[in-house]
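Open the model in your viewer and keep the sequence panel beside it. The stops below can be taken in order.

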Amino acid sequence: MRTEDFWKLIDEARAGGGGEPGPVAARAVALLAERDPEDIIGYARHQTRVLAASHKADLWGAAYLINGGASADGFEHFRGWLMAQGRAVFARAVAEPDSLAELPQVRAASLSGEEFSAERMLSVPWDAYRKATATELPADRDPVRTPDLNDFWDFDDEDEARRRLPRLAALFVEPPME
């Protein structure tokens, strides 16, 4: 599966799923399950690459600010939500995590406390493969390695958050007293 095909399927799922991650994931499973099993395997490989490319400290910091904390699993689920937002939003957030401050739903979350998580988006290829073949998705023999983020910055350090993610910090960190 090519990059264009991966994101096109997500766009189709978004159109039929109302934009919410749960329905988008369900629609993606249905659309993918109609394809050849090799396409499903290709989708899984591409999803792994997409998640590896987004495994960055500043994006984790953005997830931490937006969701009021983010464990390793929480960061993974946040990236599932981000994937459900489509290619343009995903690519921009990976390149510039602070751009998430421009999304209306993120701005609204700064007031409501809503958290963004979509674990179901991460299981799309496994669920689709099981639906299409009644068997489990084969393990990838050529796994993609994610970078080690043991040197990430202290996400609770408000000054560092303001320095690295100024627009998100303006929304989610109490402004400094003057």
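The tour of this predicted model starts at the beginning of the chain, then turns to aromatic rings and ends at a pair of helices.

**Stop 1: the start of the chain**

Select M1, which lies in the segment before α1 (3–17). M1 is partly exposed, because its relative accessible area is 28%, and the limits for that class are 20% and 50%. Now add G42 to the selection. The two residues are 41 residues apart in sequence, yet M1 and G42 are 4.8 Å apart in space, C-alpha to C-alpha. Which residues is M1 in contact with, leaving aside its neighbours within four places in sequence? Show F6, L32, R35, D39, G42 and Y43 to see them.

**Stop 2: F6 and Y43**

Keep F6 and Y43 on screen and hide the rest. Aromatic pairs in this model come to a count of eight. In the pair of F6 and Y43, the ring centres are 4.7 Å apart and the planes stand at 35°, so the pair is tilted. This pair links distant parts of the chain, since F6 is in helix α1 and Y43 is in helix α3 (residues 37–53), 37 residues apart. Are F6 and Y43 buried or exposed? Both are buried. Next, add W7 and F90: together with F6 and Y43 they form one aromatic cluster.

**Stop 3: helix α5**

Select residues 72–84, which make up helix α5. For its 13 residues, 1.5 Å a residue gives an expected span of 18 Å; the end C-alpha atoms of α5 are 19 Å apart, which agrees. Colour the buried residues of α5, among them F75, H77, G80 and A84. F78 and W81 are also in this helix, three residues apart, about one turn. Both F78 and W81 are buried. Their rings form a tilted aromatic pair, with 5.5 Å from centre to centre and 35° between the planes. Just after α5, pick out G86, which takes a positive phi of about 100°.

**Stop 4: where α5 meets α6**

Add helix α6, residues 87–95. How do the two helices cross? The axes of α5 and α6 come within 7 Å and cross at roughly 135°, which makes α5 oblique to α6. To see the contact, show R79, L82 and M83 on the α5 side and V89, F90 and A93 on the α6 side. The residues of this contact divide into five nonpolar, no polar and one charged. F90 also belongs to the aromatic cluster from the second stop.

Conventions: Residues are numbered from 1 along each chain as its sequence is written. This is a predicted model: local features need pLDDT of at least 70, side-chain atom pairs count only at pLDDT 80 or more; totals for chains, interfaces and linings use all residues. Side-chain values use heavy atoms; hydrogens and water are left out. Helices (H or I, at least four residues) and strands (E, at least two) are DSSP runs, numbered from the N terminus. Buried means under 20% relative accessible area, exposed over 50%, partly exposed in between (1.4 Å probe, protein chains only). Contact means heavy atoms within 4.5 Å. Axes are lines fitted to C-alpha atoms, for helices over the stretch in contact, and angles run from 0 to 180 degrees between N-to-C directions. Angles under 35 degrees count as roughly parallel, over 145 as roughly antiparallel, 65 to 115 as roughly perpendicular and the rest as oblique. Ala, Val, Leu, Ile, Met, Phe, Trp, Tyr, Cys and Pro count as nonpolar, Asp, Glu, Lys and Arg as charged, and the others, Gly among them, as polar. The expected span of a helix is 1.5 Å times one less than its number of residues. Rings of Phe, Tyr and Trp (its six-membered ring) pair if their centres lie within 6.5 Å; planes under 30 degrees apart count as stacked, over 60 as edge-to-face and the rest as tilted.
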